[in-house]
Amino acid sequence: MSEHFDSLETRSAEARAEALAAALPRQVAHARASAPYYAQRLDGLDPAVVTDMAALAHLPVTRKSALIEHQAAEPPFGGVVASPFGSLARVYASPGPLYEPEGEGPDYWRFARALHATGFRAGDLLHNCFAYHFTPAGSMLEGGARALGCPVFPAGTGNTEMQARAAAQLRPRCYSGTPEFLKAILEKGEELGLDLASLRLGHVSGGAYLPSLRAWYAERGMTVLQSYGTADLGLIAYESVAREGLILDEGVVVEIVRPGTGEPLPEGEVGEVVVTTLNPVHPLLRFATGDLSAILPGASPCGRTNARIRGWMGRADQAAKVRGMFVRPEQVAELLRAVPGVARARLVVALDGDRDTMLLRAEAAAPDEALVTRLGLALQAATRLRGTVELVPPGSLPNDGKVIDDTRPVPG
């Protein structure tokens with residue numbers, strides 16, 4: 001029984017860079033030639049120059065909101081899908097609405113790698129509690145399990161009593177679904193006096209996997225690990241038994257960028273997760289997920305050599321409505337570009353009585369009234385709103401990915 005899914009997981013940094021140098025220009029060229037959206041967005045670009053992460057960072061970012069608008073204007077896919085409609089296996093819909101294609105072929109969403117890292121092996125029955133309608137989650141996990149040789153019980157969501165009774169009779173070894181639903185099934189089984197001891201492995205996603213829940217499963221001798229993916233991209237990263245961050249999937253290229261921009265951040269800095277797929281059917285290039293995370297230093301103790309992220313750390317779409325106008329992270333990035341000498345800044349939105357206020361806290365090496373003045377003018381130019389500026393020492397702002405911190409109380 002191999003510890004790793006394939007040799008890609010343990011490649012050297014040089015081998016991974018060499019593979020990326022071949023895959024990136026090929027995918028960019030394919031997207032430009034086969035997807036009208038990218039033919040327009042990348043007009044004039046020579047795909048041959050996009051051979052590494054530095055070159056990739058010069059391509060424009062695509063946001064989910066933009067795809068929703070393009071799909072509404074040019075249904076069903078807005079010119080982003082590179083395969084004919086009739087060649088697809090399934091089409092899904094996420095809130096927005098946003099329509100996602102599923103191509104033909106085994107393990108289209110690439111979840112076999114994540115399930116293998118959890119411990120799933122050929123012959124293990126999977127009790128799959130992800131939804132099978134509208135969104136692709138059920139199909140994602142089923143495709144990965146089938147690629148490993150695991151039969152699947154398509155349990156879907158809801159009705160814990162029926163779930164528990166089915167599990168007691170079918171005796172599955174594996175579970176997939178949201179982190180808390182497995183606990184609900186096991187507790188229902190205990191309440192009904194059912195034997196659910198066959199369930200030993202769990203692969204969870206789609207919700208917060210809290211330390212208290214991890215401990216609950218560990219006390220029962222279960223291995224329950226998580227992954228991170230989206231309906232647009234499939235698997236992005238997954239946990240191994242080392243339980244030290246989430247290892248990036250081999251079928252995607254991940255950047256962490258400053259929220260509201262396409263500017264890559266250094267290792268350890270919290271920012272927005274931006275993903276480029278190597279999928280020929282749906283060749284998303286620099287797709288902004290709206291999620292926050294950070295790259296962890298070093299490699300996983302499990303022997304897998306790809307980079308790791310800390311996992312989901314919140315949302316990057318931090319727009320705030322101030323005095324009737326939306327203020328967005330892109331505007332904060334714009335003012336920082338206009339005023340050199342500031343590495344990091346945070347716009348704090350607060351309430352003074354019944355009046356909205358804005359305070360730009362910016363890291364600077366030393367007090368500088370001229371810098372304060374320039375930042376104040378740049379803030380007004382970018383947002384069309386007046387605010388105050390406070391300079392703070394370098395490194396004093398929290399590393400949590402927040403560009404706009406809305407501290408106003410939520411209306412009751």
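**Exercise 1.** In this predicted model, state which ring the charged end of Lys183 sits over, then describe the surroundings of that ring.

*Solution.* Step 1: the charged end of Lys183 sits over the ring of Trp216, 5.1 Å from its centre. Step 2: Trp216 also forms an aromatic pair with Tyr217. The centres of these two rings are 5.4 Å apart and their planes make 85 degrees; planes over 60 degrees apart count as edge-to-face, so the pair belongs to that class. Step 3: Trp216 has 14% relative accessibility and Tyr217 has 0%. Buried means under 20%, so both residues qualify.

**Exercise 2.** Classify Glu219 as buried or exposed, and locate it in the fold.

*Solution.* Step 1: Glu219 is part of helix 9, which covers residues 211–219. Step 2: its relative accessibility is 65%. The cut-off for exposed is over 50%, so Glu219 counts as exposed. Step 3: the C-alpha atom of Glu219 lies 28 Å from that of Ala137, a residue 82 positions away along the chain.

**Exercise 3.** Determine how many aromatic pairs there are, and analyse the one formed by Tyr92 and Trp109.

*Solution.* Step 1: counting rings whose centres lie within 6.5 Å gives six aromatic pairs. Step 2: Tyr92 and Trp109 are edge-to-face, at 6.5 Å centre to centre with 65 degrees between the planes. Step 3: Tyr92 is in strand 2 (residues 90–94), while Trp109 is in the loop between strand 3 (98–102) and helix 5 (112–118), so the pair ties together parts 17 residues apart in sequence. Step 4: Tyr92 and Trp109 are both buried. Step 5: with Tyr108, they form one aromatic cluster.

Note on methods. Residues are numbered from 1 along each chain as its sequence is written. This is a predicted model: local features need pLDDT of at least 70, side-chain atom pairs count only at pLDDT 80 or more; totals for chains, interfaces and linings use all residues. Side-chain values use heavy atoms; hydrogens and water are left out. Helices (H or I, at least four residues) and strands (E, at least two) are DSSP runs, numbered from the N terminus. Buried means under 20% relative accessible area, exposed over 50%, partly exposed in between (1.4 Å probe, protein chains only). Rings of Phe, Tyr and Trp (its six-membered ring) pair if their centres lie within 6.5 Å; planes under 30 degrees apart count as stacked, over 60 as edge-to-face and the rest as tilted. A charge sits over a ring if NZ of Lys or CZ of Arg is within 6 Å of the ring centre and within 35 degrees of the ring normal.
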